[in-house]
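User: I would like to go through a structure with you. Could we take the core, the aromatic rings and then some individual residues?

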Amino acid sequence: MGVTKTEIFTEQQNRIADLAKAFSHPARVAILQLLISRKACVCGDLVDELELAQATVSQHLKELKRIGIIHGEINPPRVCYCINPVVWSEAQKTFGALLDTFALSESCCN
């Protein structure tokens, strides 16, 4: 398997790719939607809500935390997760700016 050459891309390009990864799997989208709909930190019942294996949910939570779009608060024996509003705002601005760089009227393929 080839190595991804992230070092040849700008820091901004790598960050956009990281943020996009948060939305690149339906399980992560479902986790984000669940956290948003609760409007509070969610502790432990994600597995029951999503009907996914604990290991699967844990892996997706780990990736979302790595990206920074969620954060967790440790209250042994549980970890409570919620949306990180700073990174959520960053994602909104980043994707908005990226999508705004192309005007539909500029399409060269008609």
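User: Which residues of the largest nonpolar core touch the most other members?

Analyst: This is a predicted model. Its largest nonpolar core has 20 residues, and those that touch the most other members are Leu35, Leu46, Leu61, Leu64, Ile69 and Ile70.

User: Which elements give two or more residues to this core?

Analyst: The helices on that list are α1 (11–22), α2 (26–38), α3 (46–50), α4 (54–67) and α5 (85–100). Strand β3 (78–83) is listed as well. As background, nonpolar side chains in soluble globular proteins tend to be buried together.

User: What does leucine 46 touch, leaving out residues up to four places away in sequence?

Analyst: With those neighbours set aside, leucine 46 is in contact with Leu34, Val57, Leu61 and Tyr81. Leu61 is itself one of the core residues that touch the most other members.

User: On to the rings. How many aromatic pairs are found in the whole structure?

Analyst: The search returns two aromatic pairs. In one of them, the ring centres of phenylalanine 23 and tryptophan 88 are 5.8 Å apart and the planes stand at 65°, so this pair is edge-to-face. It links distant parts of the chain, since phenylalanine 23 belongs to the loop between α1 and α2 and tryptophan 88 to helix α5, 65 residues apart.

User: Are phenylalanine 23 and tryptophan 88 buried, exposed or in between?

Analyst: Phenylalanine 23 has a relative accessible area of 34%, so it is partly exposed. Tryptophan 88, at 22%, is also partly exposed.

User: And what is the geometry of phenylalanine 23 with phenylalanine 95?

Analyst: The ring centres of phenylalanine 23 and phenylalanine 95 are 6.1 Å apart with the planes at 75°, so that pair is edge-to-face too. Because phenylalanine 23 sits in the loop between α1 and α2 and phenylalanine 95 in helix α5, the pair ties together parts 72 residues apart in sequence. Phenylalanine 95 is partly exposed, with 21% relative accessibility. Through these ring pairs, Phe23, Trp88 and Phe95 form a cluster.

User: Let us change topic to helix packing. How do the axes of α1 and α4 cross?

Analyst: The two axes come within 9 Å and cross at roughly 150°. The crossing of α1 past α4 is left-handed.

User: Which residues make that contact, and what is their character?

Analyst: Helix α1 contributes Arg15, Asp18, Leu19, Lys21 and Ala22, while α4 contributes Glu63, Leu64, Arg66 and Ile67. By character, the contact of α1 with α4 has five charged residues, four nonpolar and no polar. Leu64 also appears among the core residues that touch the most other members.

User: Staying in α4, where does lysine 65 stand, and what does it touch?

Analyst: Lysine 65 is part of helix α4 and is partly exposed, with a relative accessible area of 39%. Residues up to four places away in sequence aside, lysine 65 touches Ile70, Gly72 and Tyr81. Its C-alpha atom is separated by 9.6 Å from that of isoleucine 83, which is 18 residues apart along the chain.

User: Is asparagine 84 buried or exposed?

Analyst: Asparagine 84 has a relative accessible area of 15%; the limit for buried is under 20%, so it counts as buried. Asparagine 84 is placed in the loop between β3 and α5. Its contacts, again without residues up to four places away in sequence, are Gly68, Ile69, Ile70 and His71.

User: Which value does phi of glutamate 51 take?

Analyst: Phi of glutamate 51 is near 55°, a positive value in a residue other than glycine. For context, most residues other than glycine have a negative phi. Glutamate 51 lies in the loop between α3 and α4 and is exposed at 74% relative accessibility.

User: Finally, are isoleucine 74 and valine 86 buried or exposed?

Analyst: Isoleucine 74, in strand β2 (residues 70–75), is exposed at 63% relative accessibility. The C-alpha atoms of isoleucine 74 and glutamate 51 are separated by 23 Å, with their positions 23 residues apart along the chain. Valine 86, in helix α5, is exposed at 63% relative accessibility. From C-alpha to C-alpha, valine 86 and isoleucine 69 are 8.1 Å apart in space and 17 residues apart in sequence.

Key: Residues numbered from 1 in each chain as written. Predicted model: local features only at pLDDT ≥ 70, side-chain atom pairs only at ≥ 80, totals over all residues. Heavy atoms only, no water. Core = buried A, V, L, I, M, F, W, Y, C linked by side-chain atoms within 4.5 Å. Buried < 20%, exposed > 50% of the residue type's maximum accessible area, 1.4 Å probe, protein only. Helix = DSSP H or I, 4+ residues; strand = E, 2+ residues; numbered from the N terminus. Contact = heavy atoms within 4.5 Å. Phe/Tyr/Trp six-rings, centres within 6.5 Å; stacked < 30°, edge-to-face > 60°. Axes fitted to C-alpha atoms, helices over the stretch in contact; angles between N-to-C directions. Left-handed = near helix turned anticlockwise from the far one by under 90°. Nonpolar A, V, L, I, M, F, W, Y, C, P; charged D, E, K, R; others polar.
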